[in-house]
Amino acid sequence: MNAALNKTMLNYSSAEMLDIVKEKIKYNENSSYYQTNDMLEWYSEWDFKQYNPNIYSHGFHQYPAKFIPQLARKLLRVFTDNNSVVLDIFSGSGTTLIESFLLNRKKSIGIELNPFAVFMADVKTKPINPIELRQSFSEIKNFYNSANYDLNNLDTFYNINFWFKEETIIELSILKKCITQIEQIDIQNFFLLILSDVIRKVSLTKHSGFKLHRDKLKLSPSFKPNVFFEFEKLFNKNILLMEEFYIESKNNKTEILLIHGDSRKKQNIDENSIDFILTSPPYGDSKTTVAYGQFSRLSWQWIKNDSNIYSLDNDLLGGKNNVNFNNEILEFSATLKDQLEIIKNIDSLRAKDVLSFYIDLYETLKNAYFYLKHDKYFVLVTGNRTVKNVFLRTDTIISELAHIIGFKVEKVLFRNIINKRMPDKNCPTNIKGQYSNTMLQENIIFLRKN
Ligand SMILES: C[S@@+](CC[C@H](N)C(=O)[O-])C[C@H]1O[C@@H](n2cnc3c(N)ncnc32)[C@H](O)[C@@H]1O
C-alpha cells in the first residue's frame, strides 16, 4: 500500500470504518458506478461529480434532493450483504430501495409520508419486460389517436385552470383515460409516472425550483405544448432505462416493502431487525427548504385525484411549529441550544420552526435506534443550512442527539453537492441584495448502535 493512499485513508476514516471499507469494497464494479483506476479513488470518492445519476430506473422521474445512486451503492456495498435487511426512513423516490434491489439484498424497506414519492418508488422498483411496455405504448397511441372523448367529462381539480391551458387539460384528460385502459396495474403505473413528468412539462409552472410558481411567459399564445409528443419523448427515454434495469435485475429476489407512513411514529418493523439504515432526511421544514408537497401536488392530483396532498408540507418534519422553548432536546444538544438562542433573539417565530424540525428529527432517530440491530450502522446524508445568518450545524446536532439515544458516532464525512436544484443562496437578513451561501456541502454521518 503506497504512502499517498495511507494518508488519504487516515483523512477519511476512523480505524474501524476503514477496516470495513477495505474488506467489503471490490473494485470490479459496473462502470456506471465506478470508473476506478486505482484503489485510492475507492476510498476517497464521495462526491461522484463525473458520474451520471440517471442510470436504470433512477432516471425515470425527478425528485428533490435525491441520493446520488453511486453514493448509495458504495455505502450498501460496505455495510450490507445478500442476507441484509435495509431500511430507509425517508425513502423519497426510492434510491436506497432500487440500489438494494440491484444488489439483490434480502429485503429493503422504505418509510415515506409523501404518497406521490411512495408511488414513484413502487414503479421504480418493479422491472417490467420492455417488450410488454412497447406493446402497451402502441395500444395507448392507438387509443389516443382514435379517442372520441366527452368534453364534458374532463379531469378537474382545484385551480386547474390556473396551472394549465384549456387545450392542455383536454389533451391530458384524454391521455390519462387511454393509460387507465391498460389493465395490468404495474404497466399502467409505469405510464402514469411518465404522465406525471408530462404534466410538469406542459403546465404553466416555472421549472427553476421546486415550489409552484406560475410562469407568466407561458400564458402567451406561443406556448402550445403538445401532450402526446412529450409523452412519446419521455417514453423513449424511460424504456431505454427500463431495458437496462430489467436486464440487470429481472432475476433478483429482493423483497421490497414500501410503508406510506410517518417516521416520527413507530412503524410495523420489529425491534433489532434491521441490518443497515441509510437515509437522507429533509434539510429543514418544507416551508423554508424543499417543498416536497408543492413539488408533488399537480402530478398527484392528476394521476390519483387526491387533494390531501395540499396539507403535506405541514405534515412533514418541522411542519408544525407549536413547540415551546423548554423542550428536553435543548438539554441533549448544546449546539442546538446555543444556535437557537441566537435565532430566537432575532426572530422567535423562526426559532420555533427550527426547533420543531429538530424535535421531529429526534423522534425519527429514536425509532431508527429501535429498528436497528446492535452493532449495526445507521448512515445519514444531510446538509447544514443558514437561518437568520446562523449556520446551523445539523451534523453536530444529529451527532449530539444520537449520542444521547445510545448511538456511537463513528465518523462524519463531507461531500460537495452538485447539480442540486436547490437555491444555493438565501437572504437571511431579508435585506434586498444581501445573500449568504447555504448548503454547499453535505455531511455523511456514520452512527453505530451500541
Ligand atoms: C431528502 S428527501 C429523501 C430523498 C431520497 N433519499 C431519494 O433518493 O429520493 C427526504 C424525504 O423525507 C420525506 N419526509 C419528510 N418528513 C417525513 C416524515 N415525518 N415521515 C416520513 N417521510 C418524511 C419527504 O417527503 C422527502 O421525500
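Good morning. I begin with a definition: two strands are said to pair if DSSP finds at least two bridges between them. With that in hand, let us turn to the structure, which is a predicted model.

I start with the protein chain in outline. The chain has 450 residues, of which 40% count as buried. Its secondary structure comes to 17 helices and 11 strands. Among the contacts in the protein chain with a separation of 6 or more, 75% are made by residues 24 or more positions apart.

Now to the strands. Which way do β1 and β2 run relative to each other, parallel or antiparallel? Strand β1, residues 85–88, and strand β2 are joined by 4 bridges and run parallel. Within this pair, V86 stands opposite S108 in β2. To get from β1 to β2, the chain passes through helix α5, residues 95–102, and this β-α-β crossover is right-handed.

Strand β2 has a second partner to describe. It is joined to strand β3, residues 255–260, by 6 bridges, and these strands run parallel. Here K107 stands opposite E255 in β3. As for its surroundings, β2 covers residues 107–112 and is mostly covered, with 5 of its 6 residues buried.

Let us move to β4 and β5. These strands run parallel and are joined by 5 bridges, and L278 stands opposite V379 in β5. Strand β5 is also joined to strand β11, residues 441–449, by 7 bridges, but here the strands run antiparallel. In that pairing, V381 stands opposite I444 in β11.

Next, the helices. Why may we call helix α4 largely enclosed by the rest of the structure? The helix spans residues 69–79, and 9 of its 11 residues are buried, so the description follows. The buried residues include P69, Q70, L71 and A72. R73 and K74 are buried in α4 too, as are L75, L76 and F79. They pack against β1 and α5, and also against β4, residues 274–279, and β5, residues 372–383.

Helix α6 can be treated in a similar manner. This helix runs over residues 115–124, and because 8 of its 10 residues are buried, it is largely enclosed by the rest of the structure. Those residues are F116, A117, V118, F119, M120, A121, V123 and K124. What do the buried residues of α6 pack against? Their partners are α5, β2, α10 (185–202), β3 and α12 (292–304).

Helix α15, residues 334–346, allows us to check a length. At 1.5 Å a residue, its 13 residues should span 18 Å; the end C-alpha atoms are 19 Å apart, which agrees. In α15, the residues L336, Q339, L340 and I343 are buried. A general point is useful at this stage: an α-helix has 3.6 residues a turn, so residues three or four places apart point the same way. The buried residues of α15 are covered by elements that include α14 (329–332), α16 (348–371), β6 (385–387), β7 (390–392) and α17 (394–405).

I turn now to some individual residues, starting with two in loops. A65 lies in the loop between α3, residues 39–44, and α4. It has a positive phi of about 55°, although it is not a glycine. Is A65 buried or exposed? It has 23 other C-beta atoms within 10 Å, and the cut-off for a buried residue is 20 or more, so A65 is buried.

N159 also has a positive phi, of about 70°, although it is not a glycine. Its place is in the loop between α7 and α8, residues 160–163. With 12 other C-beta atoms within 10 Å, N159 is exposed, because a residue counts as exposed at 12 or fewer.

A third residue, N142, lies in helix α7, residues 130–145. N142 is exposed, with 11 other C-beta atoms within 10 Å. It is 36 residues from C178 along the chain, and the C-alpha atoms of N142 and C178 are separated by 8.9 Å.

Finally, the ligand. How many residues surround it? There are 22, and the closest are F90, G92, S93, T95 and L316. By class, this shell has 12 nonpolar, 6 polar and 4 charged residues.

That concludes my presentation. Thank you for your attention.

Definitions and conventions
Residues numbered from 1 in each chain as written. Predicted model: local features only at pLDDT ≥ 70, side-chain atom pairs only at ≥ 80, totals over all residues. Right-handed = clockwise from strand over helix to strand, strands pointing away. Near = placed C-beta within 6 Å. Nonpolar A, V, L, I, M, F, W, Y, C, P; charged D, E, K, R; others polar. Contact = placed C-beta atoms within 7 Å. Expected span 1.5 Å × (residues − 1).
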